[in-house]
Amino acid sequence: MSIVEHLYELRTRLLWSLLAIVLTSIVGFWWYSHGPFGLPSTGHLLTGPYCDLPPTSRASITRDGECRLLATGVFDQFNLRLKVAVATGVLLACPVWLYQIWAFIVPALHRNEKRYTAAFVALGGTLFVSGAVLGYLMITSAFNFFLSVGNETQVTALQGPDYFSFVLNVMAIFGISFELPLFIIALNLVGVLKYAKLKQWRRGLLLSMFVFAAFLTPTGDPFTMLTLGAALAVLLELSIQFARWNDRRKAKRSVGADAWTGELDDETASPAPSSPEPIGASAGPSGSTLAAPAPLGEPEKITRASIPRSGFDDVL
């Protein structure tokens with residue numbers, strides 16, 4: 001495929017991904033205040049870490065004492081609901097846009113590696129949701145510590161936009177970070193990143209996981225940073241072991257012809273003849289020796305009289 005065809009393919013994959021996110025965002029907009037199938041609404045679910053705090057640690061701004069966040073702008077409530085709806089849409093549509101990413105990479109893979117499509121989508125969706133759930137749990141533990149320290153002298157009243165932006169950012173950071181092993185696996189399947197390099201860089205990569213967690217964790221507490229760093233280190237080691245298994249499998253398959261199909265591997269060259277024979281010495285389809293080609297005669301001389309005349313001769 002040419003570079004223009006790749007760009008057209010990328011545009012098509014992006015449009016399908018955006019369409020899926022728009023459709024699931026509509027579902028997320030409705031889910032913000034309604035609980036389908038007995039599930040809690042996303043608005044109630046996201047306010048859980050704040051509303052689970054003791055009443056002495058958060059301000060009560062309603063007459064009946066119900067836990068609510070503070071909105072100070074005219075469009076705060078609508079913008080907040082729209083932001084949560086889009087985040088919910090991205091989460092629900094993760095199998096679709098992960099499939100589009102994989103479908104864009106598939107042309108670079110061998111025919112025996114294209115069967116990993118379902119596994120890639122399932123693993124990617126599971127990792128993204130697992131990371132988002134872990135981020136949500138870390139927010140709960142961080143709030144129990146930070147918003148309870150010093151509650152004897154002050155009380156916390158959070159604004160809706162700031163609170164939801166914080167929660168969604170943490171969940172997005174954890175979810176996207178958990179996709180890092182999948183990215184390493186995809187590069188290994190394509191052949192860009194080999195196990196030998198990963199083995200050589202293992203210590204530096206493990207250290208970079210904790211540095212990455214320290215810079216991206218917005219809470220700043222050591223417990224959340226260590227939890228994210230440890231989770232990324234475990235996932236990194238699993239991806240390195242997958243690269244080891246995949247490279248060993250490729251090495252075994254590239255030894256010779258496939259025992260089942262009789263075909264050579266995609267990376268194995270066809271065997272060249274040890275002693276090539278001169279032209280005319282090889283046997284034809286029936287086993288007879290091919291005759292030597294006849295010599296070419298002298299080229300015919302072209303004169304002006306031999307060229308057919310037409311009505312355009314006067315013009316030329």
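In the predicted model, the lining of the largest pocket draws at least two residues from each of six helices, namely α2 (42-46), α4 (76-92), α5 (94-105), α6 (117-146), α7 (160-177) and α8 (180-190). Among the contributing elements, α4 gives the most to this lining, with seven residues. The volume of the largest pocket is about 900 Å³. In total, 33 residues line the largest pocket, and those that lie nearest its centre are Val90, Leu91, Phe128, Ala132 and Met171. When the lining of the largest pocket is sorted by class, 27 residues are nonpolar, four are polar and two are charged.

The second largest pocket encloses about 540 Å³ of space. Its lining comprises 19 residues, with Tyr32, Thr47, Cys67, Arg68 and Leu69 lying nearest the centre. Helices α2, α4 and α7 each supply at least two residues of the lining of this second pocket; each of these three helices likewise supplies at least two residues to the lining of the largest pocket. The class composition of the lining of the second largest pocket is nine nonpolar, seven polar and three charged residues.

A nonpolar patch was also identified on the surface of the model. This patch covers about 670 Å² and is made by Ile3, Val4, Leu7, Tyr8, Leu10, Leu14 and Phe104. Helix α1 (residues 3-31) provides the largest share of the patch, amounting to six residues. One of the patch residues, Ile3, is located in helix α1. Isoleucine 3 is classed as exposed because its relative accessibility is 60%, and the cut-off for this class is over 50%. Phe104, another member of the patch, falls within the residue range of α5 (94-105), a helix that also supplies at least two residues of the lining of the largest pocket.

With regard to the overall architecture, the protein chain contains eleven helices and zero strands. The order of elements from the N terminus on is accordingly written α-α-α-α-α-α-α-α-α-α-α. Of the 316 residues in the protein chain, 34% are buried. Within this helical framework, the two pockets described above have volumes of about 900 Å³ and about 540 Å³, while the nonpolar surface patch accounts for about 670 Å².

Technical notes. Residues numbered from 1 in each chain as written. Predicted model: local features only at pLDDT ≥ 70, side-chain atom pairs only at ≥ 80, totals over all residues. Heavy atoms only, no water. Patch = residues over 30% accessible without salt bridge, like charges linked within 9 Å, V, L, I, M, F, W, Y side chains within 5 Å. Areas by Shrake-Rupley, 256 points an atom, 1.4 Å probe, with all protein chains shown as cover. Salt bridge = Lys/Arg side-chain N within 4 Å of Asp/Glu carboxyl O. Helix = DSSP H or I, 4+ residues; strand = E, 2+ residues; numbered from the N terminus. Buried < 20%, exposed > 50% of the residue type's maximum accessible area, 1.4 Å probe, protein only. 1 Å grid on protein atoms, 1.4 Å probe; cavity = no way out; pocket = protein on both sides within 12 Å on 5 of 7 lines; lining within 4 Å. Points joined across faces, edges and corners; volume = space filled by probe spheres on them. Nonpolar A, V, L, I, M, F, W, Y, C, P; charged D, E, K, R; others polar.
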